[in-house]
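Visitor: Please take me slowly through one single part of this model, and tell me how that part sits among its neighbours.

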Amino acid sequence: MEIEDGATARTGADLVVECLAAEGVDLVAGVPGTTVMDLIDSLARQQAVRFVSTRHEQVAGFLADGVSRSGAGVGVCLVSRGPGAANAAIAVQNAYDESVPLVLLVGQVSAGVVERRAFEESDVVATFRPMSKWAVEIHQAERVPELLQRAVRTAVGGRPGPVVVSLPLDVLQDVVDDAVRPAVRSRSHPPGPAPAAVRDAAALLRAAERPVVLVGGGGGGDPAAVLELADRLGAPLLTTWLRQGSVPHDHPAFLGALGYGAHSVTEDVVRDADVLVALGCRFSEFTTKRWTLVSPHTRLVHVDVDPEELGRVYLPEVGIVADAALAARALTEAVDGTAPDLAARRADRRSALRESYERASSLSSPALADDDPAGGVSSAAAVSALQGIADTDGVLLVQDAPSFGPWSHRYLRLHRPGSFFGSAGGAMAWGLPAAMGLALARPGQRVVAVSGDGSFWMVAQDFETCVRESIPIVNVVMNNSAYGNTRDRQRAAHAGRYLGVFYGNPDLAEFARSLGGYGVRVTADDELGPALEKALAQDGPAIVDVVQDQMYGLPPGLLPPAAR
């Protein structure tokens with residue numbers, strides 16, 4: 001990395017940027033602040049790493065999250081001390097919960113004033129240690145390569161997750177010797193399965209009458225590997241909550257995604273399993289219906305790269321510490337030779353289950369006969385319009401956490417693995433910033449984000465960032481002027497005593513236009529498809545304001561999960 005002309009002595013801040021470039025980082029998102037101004041200046045004096053200034057630290061964190069999920073490299077965000085770091089905490093916590101690699105760089109007060117309650121002073125390491133894989137403060141500029149590059153390797157290695165690096169102002173300003181240079185970029189190969197574990201698992205699977213393959217967030221990196229295993233076993237294949245984009249839905253093995261809004265046929269497959277192969281699955285609350293879905297009689301083969309996950313919730317009969325794809329391929333080879341009559345029974349059963357799933361997940365399902373949008377845009381029409389997006393090559397779909405989520409969970413068919421991204425960590429306002437990160441990391445593809453109006457308005461100010469930085473995402477905002485999930489809980493569990501869940505919205509299309517973007521407002525079903533086409537035809541960012549009734553929300557017959 002070459003610093004532009006005009007630079008003086010080489011500093012710790014320059015070394016930070018050099019190390020990021022050496023690790024393949026080409027984008028940093030952040031908010032300028034007092035203790036990171038030297039680092040901002042170093043970024044300004046070079047061309048290898050782009051800096052994108054956001055309007056809030058939470059947005060910078062979620063943007064970095066989107067970069068990481070794109071597969072283009074680890075996402076990095078930069079914030080200043082104290083309040084700036086605290087504002088980024090929600091993105092760090094969400095990344096930790098979802099095993100998303102992320103590096104947060106935090107400015108810190110100089111060593112000479114530590115413990116004097118200096119302006120905005122806070123203990124960064126103590127704050128972030130419980131919600132990160134590693135939190136570290138660098139005290140000598142010469143150790144920047146050692147510790148910062150280790151932070152990147154830690155974020156992406158093993159079970160991925162966020163790492164927080166505290167950078168005191170004096171370390172960033174210190175002059176470093178020209179001999180101090182970044183280390184060579186290094187990555188470790190993931191572990192393969194132990195042969196004995198594969199033999200034990202294969203013995204269970206050969207005799208299984210009703211085997212099931214469950215793919216979690218850690219198992220979806222190689223769709224071909226998990227599909228081949230499911231086919232070799234004649235087994236249904238399911239995904240965990242909001243990980244349904246990891247395999248093609250038109251494959252005959254696919255039986256849906258577990259979690260809130262799952263079809264009964266999908267859940268019953270797990271209940272009836274005699275052997276369950278879980279690949280990169282953490283058995284979360286929603287995936288397991290609050291840990292009630294897996295039968296105590298089901299024999300479990302659990303594969304995870306993190307040994308601490310094996311036995312955390314369910315004790316496996318065979319636990320395998322390994323990369324999920326490597327384990328899936330080893331198991332596929334090991335279970336060859338199933339008895340023909342057993343293989344035929346498995347195939348017939350899977351075929352019948354697949355037919356049931358296709359009926360249940362169709363928009364023409366009788367279950368939708370009672371859907372009443374009360375004059376606004378129906379969610380069934382929204383799914384139908386988004387289906388065209390999902391089927392289009394070169395388009396990525398981002399699902400935020402609105403009450404519309406169960407509709408896409410139940411009825412949206414995803415035939416292109418890796419084209420759908422959803423946040424299962426529960427953090428509102430993830431969608432717009434994550435879509436920004438995906439669009440910046442994959443400039444050759446278009447990104448469409450689907451958000452509720454509650455989530456969108458938490459980060460709406462950064463639509464201006466999209467305009468300023470020419471990030472051409474399309475934001476589809478399901479606009480019912482309500483916090484829909486909480487409204488539905490108040491209706492179901494609190495006798496309709498509504499408080500704090502309704503609010504007023506402006507015309508979101510006008511809002512988009514006021515910032516220099518494209519905006520279109522949709523008030524009827526037949527307007528949505530053409531509106532999406534027009535938004536995608538624009539070169540810049542767009543908002544599609546989908547107006548729904550204030551009381552409209554979940555699919556017919558679905559109740560919100562009880563608060564516990």
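### A close look at strand β7

Guide: Let us begin at one pair of residues, where valine 215 stands opposite threonine 239, a residue of strand β8. Please keep in mind throughout that this is a predicted model. Valine 215 belongs to strand β7, which covers residues 211-215, and the strand to which threonine 239 belongs, β8, covers residues 237-239. These two strands pair in the parallel sense, and three bridges join them. Between them comes helix α9, made of residues 223-233, and together β7, α9 and β8 form a β-α-β unit that is right-handed.

β7 has another partner as well, for strand β10, with residues 275-279, runs parallel to β7 and is joined to it by five bridges. Here you can look at proline 211 in β7, which has valine 275 of β10 opposite it.

Having placed the partners, we can ask how covered the strand is, and whether its two faces are buried or exposed. β7 is mostly covered, with five of its five residues buried. If you follow one side of the strand, you meet Pro211, Val213 and Val215, while the other side carries Val212 and Leu214, and the residues on both of these faces are all buried. Pro211 and Val215, the β7 residues we found opposite valine 275 in β10 and threonine 239 in β8, therefore count as buried, since that word stands for a relative accessible area under 20%.

Methods: Residues numbered from 1 in each chain as written. Predicted model: local features only at pLDDT ≥ 70, side-chain atom pairs only at ≥ 80, totals over all residues. Heavy atoms only, no water. Buried < 20%, exposed > 50% of the residue type's maximum accessible area, 1.4 Å probe, protein only. Helix = DSSP H or I, 4+ residues; strand = E, 2+ residues; numbered from the N terminus. Pairing = 2+ DSSP bridges. Right-handed = clockwise from strand over helix to strand, strands pointing away.
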